[in-house]
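Please open the structure in your viewer and keep the selection tool at hand, since this tour moves from one selection to the next and says what is found at each stop.

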Amino acid sequence: MEQLLTANVATNLYWLGRYIERIEATLGQIMIAYDQIIDVDKNAGITLYENFSTELEYTNAKDFLQKAIFGEHAANIAVLAGYARENAIICRNHINTQAFGEIIALNALFQKSSNSFVDIDYKLIDEAGSLISEMWGEISKTEYKRISDYFLRLGQLIEKADFNFRFDEEKETGIIIIDEINKILANLEADKETNVEQTQTQEMDYEVIINNIHKKIQDLIID
Amino acid sequence: MLETENELHKKFWEIFSKQDRQKIDEFKTHMDKFAINFNLYKDGNFIERSLPFDVIPRIISKEEFSKIEKGLQQRIQALNLFLEDLYTDAKIVKEGIVPQEFVEQASGYLKEFKGFSPSKKIRTHINGIDLVKDTVNDSWVILEDNLRVPSGSSYPLSIRDTYRKIYPDFFEQLKIEPIKQYPSYIKSAMNYVSCGGINVVLTPGRFNSAYYEHSYLAQEMDAQLVRAHELVVIDKKVYFKNYNGKRIRVGSIYRRLDDDFIDPKFFNPESLIGVPGLVEAYLAGNVALMNAIGNGVADDKGIYYFVPKMIKYYLGEDPILHNAPTYLPYFKEDMEYVFNNIEKLVIKDVAEAGGYGVLFGHEMSTLQLEDLKTAIKANPRRFIAQELIEFYDEKCYLDKELKDRKADFRAYVVMGEDIKVWQCGLTRYALEAGNYLVNSSQGGGFKDTWVMEL
């Protein structure tokens, strides 16, 4: 029997996947920039945040970490973790219990650090990375066979595609991601038109493709 | 005052003395990590918080619980018969066992539902009965019946799993009744009364105080957790709206909202958490509601007074479990007694719940007592008076010390094809010494309850 989901749960699963992936990918980029700022390129953080359409100012590597994670901008990791927590609470009975716990712990980690007088350092990012890895590990135990997993995975992949586009990473990776998105969309019983033509992927504007996918996903969930 | 320690308690303390007490903190960590919350609204703000938990369980012997079980089964059977009778033939009123005026003035009585009989004539599907153990007679006394939307079962369910992980020795060495079956009781009852279709748990939403419980129970019962707008009523049938636009028939709804909010077309038109048309579907016999609409009349503290009479009337039996001695100022002789003894009585507003509207005569000034008498005189039906029950304290491990606190016990009774009493319950304790109010909404904490045998 097919798994039943309300539109609200499907949407929250999708956004949960997006936020968690966004946090993980952003933290990865932050660590690269942090390392550069120390003694290679003082402006590495500025360049990084231009990709997020954010002007970030900082005095040194440690200050960069603080501003990147807790600064007043749309890529604030603590805020994203709060959003992910909210998504998880709404759809908690459709996600693995341990994975749910990791998401709550992830948010608690950032909230605690944001209220702490102690400067944050790389350990916070390491710890967050571990929680996220554990979360995906728990979820992957079901081998993405349930509809709820598809929505979560869809959110994760869209975010991966978005990062791939923003950071101008290898087009081949982008094609693989879109291929996987297509497979999931097919599994979600989307009609043929939902699929994004793979042959066009290399020629078309990548941003158009991603926006196209966003639209298809919106159409898939009927409130 | 504590209960006399028996062999079961001794066995518990023996094992407890060998446990690492540092690990007690892990309970809180676990509850925080899994957001096992009972939320509060304070000064207009939504506060997410975990319910205070105490590691020392309430221990009830299997033999003692067996008597509680029989008493509760008897009580729920009688209450179900009362509600069914009241909303159909009303024989109990016609025969003068319960005064008509008394029923009609109960805020939970819904005369619009007169003549309607729900699926399988079951109205009291999921019930929370509040009891205390009286120190004078060393016996269990019923304080309150909750036949509308009793909450709290998910907390002991969740904590038991954690307890087993943190302190497995207790469960290895003692004979403690397992409790995991409770959601399956509800599921079976839902299936039994179902009018054909899937089971859903209807929640007011994310910001309800018991949202965790709604979510937890839905998951454990394989039911869909839905908010009102995720259901739609078409041709007096209820449908679940799937994400892809498909509509799936709903046969049974475990609703976690009060009658007043359940259907804006029938009850409060301002309700945003109700399903328009749900009552029509219910009255057409196309969907089962757990619990039935109109049960509030039986939760009325004034009607509570008549439950022993109901047991006698419907079952021809004497009550196994007794009420607290209760007086109805509605009756002249009771009014006189209440006025003469008001300073030693507990006065309750009949329509309130959750520890609200409870006044202790011994805590009130002369002026306050006079005001209360005036209020009682003006509207005697609104109040009941009870003798103050001195109930046992339970040992609690608070701030790394053992302290005595007043504790009650909410037992859960599920009625489907048969009447099942969960071999656990919610033991609630007051956070302050000497406080008689243990309700979660009054800041009380909870303990696990172990039904044990040697």
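Begin by selecting B:Lys121, which counts as partly exposed because 13 other C-beta atoms lie within 10 Å. In this predicted model, B:Lys121 sits in the loop between helix H5 (100–104) and strand S4 (126–134) of chain B. If you display its backbone angles, you will find that phi of B:Lys121 is near 55 degrees, a positive value in a residue other than glycine. Most residues other than glycine have a negative phi, and most peptide bonds are trans.

Stay in chain B and select B:Ala90, a residue that is not a glycine and yet has a positive phi of about 55 degrees. Its place is the loop between helix H3 (62–86) and helix H4 (91–94) of chain B, and with 14 other C-beta atoms within 10 Å, B:Ala90 is partly exposed.

The next selection is a pair, B:Met290 and B:Asn291, which are joined by a cis peptide bond with omega at about 0 degrees. B:Asn291 belongs to the loop between strand S12 (288–290) and helix H12 (296–299) of chain B.

Now move to B:Asp334, which you will find in helix H15 (residues 332–341) of chain B. Is B:Asp334 buried or exposed? The answer lies in between, because B:Asp334 has 17 C-beta neighbours inside 10 Å and therefore counts as partly exposed, whereas 20 or more would be needed for a residue to count as buried. Leaving aside residues up to four places away in sequence, B:Asp334 touches B:Tyr327, B:Leu328 and B:Pro329. If you also select B:Ser154, which is 180 residues away from B:Asp334 along the chain, you can see that the C-alpha atoms of the two are separated by 40 Å.

To see how chain B is divided, colour it by its domain assignment, which gives domain 1 (7–195 + 287–318 + 390–453) and domain 2 (325–387). The C-alpha centres of these two domains of chain B lie 25 Å apart, and 13 residues of domain 1 are in contact with twelve residues of domain 2. On the side of domain 1 of chain B that touches domain 2, helix H13 (residues 301–304) gives the most, with three residues. That side of domain 1 of chain B consists of four nonpolar, six polar and three charged residues.

Turn next to chain A, where the domain assignment gives domain 1 (7–140) and domain 2 (151–220). Here the C-alpha centres of the two domains of chain A are 23 Å apart, and twelve residues of domain 1 are in contact with 13 residues of domain 2. Which helix supplies the largest share of the side of domain 1 of chain A that touches domain 2? That helix is H1(A), with ten residues. The side of domain 1 of chain A that touches domain 2 has seven nonpolar, two polar and three charged residues.

Keep helix H1 (residues 7–39) of chain A selected and add helix H4 (residues 77–90) of chain A, whose axis comes within 8 Å of that of H1 and crosses it at roughly 150 degrees. H1(A) and H4(A) are therefore roughly antiparallel to each other, since angles over 145 degrees count as such, and their crossing is left-handed. Among the residues that make this contact are A:Trp15, A:Leu16 and A:Tyr19 of H1(A), together with A:Leu80, A:Ala81 and A:Tyr83 of H4(A). By class, the contact of H1(A) with H4(A) has 14 nonpolar, four polar and one charged residues.

A second helix pair in chain A is formed by helix H5 (residues 97–114) and helix H6 (residues 122–140), whose axes come within 8 Å and cross at roughly 165 degrees. H5(A) and H6(A) are therefore also roughly antiparallel to each other, and H5(A) passes H6(A) in a left-handed crossing. The residues that meet include A:Ile103 and A:Leu106 in H5(A) and A:Leu131 and A:Met135 in H6(A). The contact of H5(A) with H6(A) divides into eleven nonpolar, two polar and four charged residues.

For the last stop, show both chains and select their contact, which takes 19 residues from chain B and 18 residues from chain A. On the side of chain B that touches chain A, helix H2 (25–33), helix H9 (211–220), strand S8 (224–226) and strand S10 (237–241) each supply at least two residues. The residues on that side of chain B divide into eight nonpolar, six polar and five charged.

Conventions
Residues numbered from 1 in each chain as written. Chains lettered and ligands numbered in written order. Predicted model: local features only at pLDDT ≥ 70, side-chain atom pairs only at ≥ 80, totals over all residues. Contact = placed C-beta atoms within 7 Å. Helix = DSSP H or I, 4+ residues; strand = E, 2+ residues; numbered from the N terminus. Nonpolar A, V, L, I, M, F, W, Y, C, P; charged D, E, K, R; others polar. Axes fitted to C-alpha atoms, helices over the stretch in contact; angles between N-to-C directions. Parallel < 35°, antiparallel > 145°, perpendicular 65-115°, else oblique. Left-handed = near helix turned anticlockwise from the far one by under 90°. Buried ≥ 20, exposed ≤ 12 C-beta atoms within 10 Å, placed from the backbone. Domains from an automatic or database assignment.
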